[in-house]
Every structure is written in C-alpha cells, then in structure tokens.
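Work through the exercises below with the sequence and the model side by side. Each task is followed by a solution that proceeds step by step.

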Amino acid sequence: MNTSHRLILNTAAVYTRSLLSAGLALFSSRWILNAMGAIDFGLFSLVGSVLIFIAFLNTVMATSASRHYAYAIGQGDSDEVNKWFNAALSIHLCFAVSLTFVGWGVGNYLITHVLNIPPERVVVCRQVFQISLVSLFTGMVSIPFVAMFKAKQRIAELSAWDMMQSVLNFSFAWYLTQATGDRLWMYALGVTTILVFIHSILVARAVTNFRECRVVFLQWFDGLKLKEIFTFASWNLIGSLGASFRDQGSAILINLYFGPVANTSYSIARQVSRQTGQLAGAMLGAFSPEISTREGRGERSSMLDLSLRANKFGTLLVLVFVVPLMVEMEYVLKLWLVTPPVYAETFCRYILATFLIDRLTTGYMLAVNAHGKIAGYQATLGTILLLTLPLAWLFLYLGLEPTSVGVAFIVTMTLCSLGRVVWAKYLLGASVYRWIKAVLAPCGMVGGGAALATAFPFISVPSGFLRLILVTGASFIAYLLLTWFFALDKRDRSFFHHNTKKIWSYLIPRRRYN
C-alpha cells in the first residue's frame, strides 16, 4: 500500500472511530447519569480528576515514544527501533510502579481528608480510586506497545480496537441501568475491566506482529536513549502544560468574577471544542508517524510538503462542520441543552474560532516534533499560551463580559500559530509565502465562501430544524465547490479522479456478477 492510500485509510478509520465514539458516548452518558444519580456521577468525576495528571503524563510520554520509533523506522534500522522500544518499556514500567504507589497513598489521603465527599461514600470512593489506578497502570505499561502501532502506521487497527472499546462501554452503560447494587463501584469496575482487556489485546498483538517489540533486558535503561526520551517529553510537557493552565486558569478567573453560571457556559464551550478536536485530531494521528518517518529518512522536502498538506486538509476537514455549527450555534445549543446558559453561544463560537486558527499550523507542530529540537519551540509557544491568563484577567478587570476570555484565547492562539510558522522556517527552512499560498489563502476562501452561502437561508427562514438543514446544505455545497476549484491543486484532483475510477471499476463488476 503506498503512502497516500495508507494516509487516506488511516484518516477514514480514525474519523469513523471518532464519530462512533462520540455518538455512543452521547447516548450512554444519559444512561449512566440516570443509573448512578447526580451525586454518584459527580463523585466519579471528582475522584477521576485526581488521576488527570497521570493520564496527561501518559499522553506526553506516548508522543515521545512514537516519535522516536517512527524516526528510527525511517532510517530503516529495525534493531535500533527495538532498542528504543526496550528503553521506553523500562522507563514506563518504572513510572507505572512509582506513580501507582505514590498515587495510592496521596489519592486515599485526598479522598478521606481533603475532598468534599459525603461521609457514607468515602469508603466506596477510595475503592473506586484504587480500581481506577489499575487501568492507569496497565495503560502506562502498554504505551510502548501502542506507540509501535502508530509508528508503523497501523492506525486503522488501533481505531478498530478503540471502536470495540466504545461498543463495550456502551453495552455496559445499558447493563448498568438494569443492575442492582452500588452502581458507582460497579461502573468503576466495569470501565476498568474493559480498559485492561483492550490494553492486554494491544500488547499481545504488538508482541505477535512486530519483531521490534521483543523484550531484551540487556537493552533496558539505556542512558542515552532515556535522556532523549525524557528531554523530548519534558519540553513537550511544557508546551502542553501551557494549554492546560490556560484552560483551567481561565475557568478560575471566570468563576472569581462571575460565579458558577458563567463557568457552566465556559464548560459547555470546552465540551464542544473537545468533540470537534476528536474529529480533527483523527487526521493528525494518521499524518504524524509518516512525517516522523520521512524526517528519519532525511527526506526534508517531502516531510515539509506533507506537513503543509496536514495544515491544509486538517483545516478543511474542520471547516465542514465548524461553519454551519457557528452559524446555527444558538439553535444547536437549544436542541442539545433545551435551555442553554446565557453566555454559552458566544463562548462556543470563540472557542471554535480558536480551534480553527490552531488547525492552520498544526502540521508544522508535527514537523518540528519530527525534527526533534523542540526546546525553544515549546518554551516559546507554552509561554504564549500562558499569556492568555493575564490578558483575560485584564479584560475582566476592565469590566468586560466573561466572553471576553474567548477573545483572549483567539489573540494568543493567533500568536501561537504565527510562532509555529516562524519556528518552522527557522528550524526546517519552511517557506512562509508557501504556507500563505497553499494553506491560509485557500482555507480562508473556502471558509469565507461557505459562511456567505448560509446568509440567504439564515435570513429568509425562521429559526428551526428546517433552517438548520438548509444552512448546513448551502454551506456544504459551497464548501465542495470552493474546495475543488480553489483549495485542491492538480495533484489532489488527479489523485481523487484516479481513486474514484478505481473504486467505480471495482464496484460495477461486482454488481453485474451479483
């Protein structure tokens, strides 16, 4: 399978997975809430928040392992990949054991003495926390194995197992509505059992299919490799913490100035952004290992070309649903929440705009990560994202509405995206003009044209489901036309023609035969 076909297959697989997961989660969350009740549901979220940092660390470490695997794969040295695997496995196992022991004591102390938990539920919450630690332990140990799937670009198989996990969670949520007993404890046990089951399958599949996943104890704790993994992960952590502190710090500022009602609106906007991010992140997950592999092979020009395509197609795929969603945000929120909080609509629009600006340069983020020299890049971008907090505080101090925090998000994300362009030019020699011509201009034209196409149905038809359909249809038609004629180049259109004919010639004989 050539690179283009593999990228399309991987992207389609992850998009399908994301859509299925989002749909099943939407239905099952209501079942879980009804089965557990508001108090126990809130307690599960509260106890789970104690584990957020460990899960966050897992993500950062997985990115580091996958990058080093893919780079070594690009160099064509499977023995070197195996050395990276063993180094990663040794440190992840140590992390898993250490964090489990530390977390066990710290988490139990917080639940018993610090968190505001009804006395009669303290014992169960401690049990829930201990059960959850098991899933985090297996998750951290499985990271070196799962990262090999990503580095080998077996994204479609990973997506299939993720879909199985979503179906199992959905089925368990239905079972919970019929079960008797302490449903908080049962829910924690069920979710953990499913996670451990999926992790075990992935580890077994990696060991069976990838010779690079051989465990060689003599290669554990390789000092040079551990230093590289830690250094890469540490600088990645700084950039990621900038975004995390921005999000959580903004929530605190909003709470201090306007109280919990405004916090609810902000939380809803973050939920919308997370669901959008799941879909948009699908393509990046498919592009990331190939970008690292090309850099490992020394194909800098080809790698930059692929990162530009990740910028363009990542933005275009977001525009498909962001444009009609932003136009009809008020009605969509009423469909979802019936009575949405007062600031939710504006918050959602600002957060989605922030997300769209981020997509314009995310391919360059992957390219810099593949290059490996990320210290200055992550320090710069992490600092820019942290500047959101003083800017948001200034807006609120001046007496502006809570939604002004969204403006601060847009300002700093614009600076962050421009920073990526500058760093890509400095580290990789990427052309700023080429980015403007290949990404910014065509995506701006597609987004602006699709938005203008919604004007007539939006103005002429009363708010309701019919207008939502018409606005979505008008936006989609304009999006397709503008993308075909202005966003896709000759190579993209030729690829589409070739594969459409191939699929069509494959389907017609089957129809005749049947």
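**Exercise 1. Confidence and overall make-up**

Identify which helix of this predicted model has the lowest mean pLDDT and which has the highest, and then describe the protein as a whole.

Solution. The model is a predicted one, and among the elements of the protein the lowest mean pLDDT, 61, belongs to helix H19 (residues 490–513), while the highest, 94, belongs to helix H16 (residues 432–453). Where pLDDT is low, the predicted coordinates should not be read in detail. Over the whole protein the average pLDDT is 78, and 74% of the residues score at least 70. The secondary structure consists of 19 helices and 0 strands. Of the 514 residues in the protein, 49% are buried. Turning to contacts with a separation of 6 or more, 82% of them join residues that are 24 or more positions apart.

**Exercise 2. The packing of H9 and H12**

Determine how H9 is oriented relative to H12, and list the residues through which the two helices make contact.

Solution. Two packed helices are described by the angle between their axes and the distance between the axes. For helix H9 (residues 300–327) and helix H12 (residues 362–371), the angle is about 150° and the axes are 6 Å apart. Since angles over 145 degrees count as roughly antiparallel, H9 is roughly antiparallel to H12. On the side of H9 the contact is made by Arg-300, Met-303, Ser-307, Leu-308, Ala-310 and Asn-311, and on the side of H12 by Thr-362, Gly-363, Tyr-364, Ala-367 and His-371. Sorted by character, the residues of this contact comprise 5 nonpolar, 5 polar and 1 charged.

**Exercise 3. Ile-291 and its surroundings**

Decide whether Ile-291 is buried or exposed, and find which residues it touches beyond its sequence neighbours.

Solution. Begin with the location, which for Ile-291 is helix H8 (residues 260–296). Its relative accessibility is 0%, so Ile-291 counts as buried. Setting aside residues up to four places away in sequence, Ile-291 touches Met-303, Leu-306, Ser-307, Gly-363, Leu-366, Ala-367 and Ala-370. Among these, Met-303 and Ser-307 of H9, together with Gly-363 and Ala-367 of H12, also take part in the contact between H9 and H12. The C-alpha atoms of Ile-291 and Ala-367 are 6.5 Å apart in space, although the two residues are 76 residues apart in sequence.

**Exercise 4. Two aromatic pairs**

Classify the ring pair of Phe-172 and Tyr-175 and that of Trp-423 and Tyr-426, and state how accessible each partner is.

Solution. The count for the protein comes to 6 aromatic pairs. In one of them, the ring centres of Phe-172 and Tyr-175 are 6.0 Å apart and the planes are at 35°, so this pair is tilted. Both residues lie in helix H5 (residues 155–178), where they are 3 residues apart, about one turn of the helix. Phe-172, at 15% relative accessibility, counts as buried, whereas Tyr-175, at 43%, counts as partly exposed. For Trp-423 and Tyr-426, the ring centres are 5.5 Å apart and the planes are at 80°, so that pair is edge-to-face. Trp-423 and Tyr-426 are separated by about one helical turn because they are 3 residues apart in helix H15 (residues 404–428). Trp-423 counts as buried at 18% relative accessibility, while Tyr-426 is exposed, with a relative accessible area of 64%.

**Exercise 5. From Thr-454 to Ala-455**

Locate Thr-454 and Ala-455, and establish how each is placed with respect to the surface and to Ser-475.

Solution. Thr-454 is in the loop between H16 and H17, and Ala-455 lies in helix H17 (residues 455–460). Thr-454 has a relative accessibility of 3% and therefore counts as buried, whereas Ala-455, with a relative accessible area of 33%, is partly exposed. Not counting residues up to four places away in sequence, Thr-454 touches Val-327, Val-471 and Ser-475. As for Ala-455, its C-alpha atom is 9.4 Å from that of Ser-475, with 20 residues as their separation in sequence.

**Exercise 6. Thr-192 in H6**

Work out which residues Thr-192 is in contact with beyond its sequence neighbours.

Solution. Thr-192 lies in helix H6 (residues 183–209) and counts as buried, at 8% relative accessibility. Leaving aside neighbours within four places in sequence, its contacts are Ile-131, Ser-132, Val-134 and Ser-135.

Methods:
Residues are numbered from 1 along each chain as its sequence is written. This is a predicted model: local features need pLDDT of at least 70, side-chain atom pairs count only at pLDDT 80 or more; totals for chains, interfaces and linings use all residues. Side-chain values use heavy atoms; hydrogens and water are left out. Axes are lines fitted to C-alpha atoms, for helices over the stretch in contact, and angles run from 0 to 180 degrees between N-to-C directions. Helices (H or I, at least four residues) and strands (E, at least two) are DSSP runs, numbered from the N terminus. Angles under 35 degrees count as roughly parallel, over 145 as roughly antiparallel, 65 to 115 as roughly perpendicular and the rest as oblique. Contact means heavy atoms within 4.5 Å. Ala, Val, Leu, Ile, Met, Phe, Trp, Tyr, Cys and Pro count as nonpolar, Asp, Glu, Lys and Arg as charged, and the others, Gly among them, as polar. pLDDT is the predictor's confidence in each residue, from 0 to 100. Buried means under 20% relative accessible area, exposed over 50%, partly exposed in between (1.4 Å probe, protein chains only). Rings of Phe, Tyr and Trp (its six-membered ring) pair if their centres lie within 6.5 Å; planes under 30 degrees apart count as stacked, over 60 as edge-to-face and the rest as tilted.
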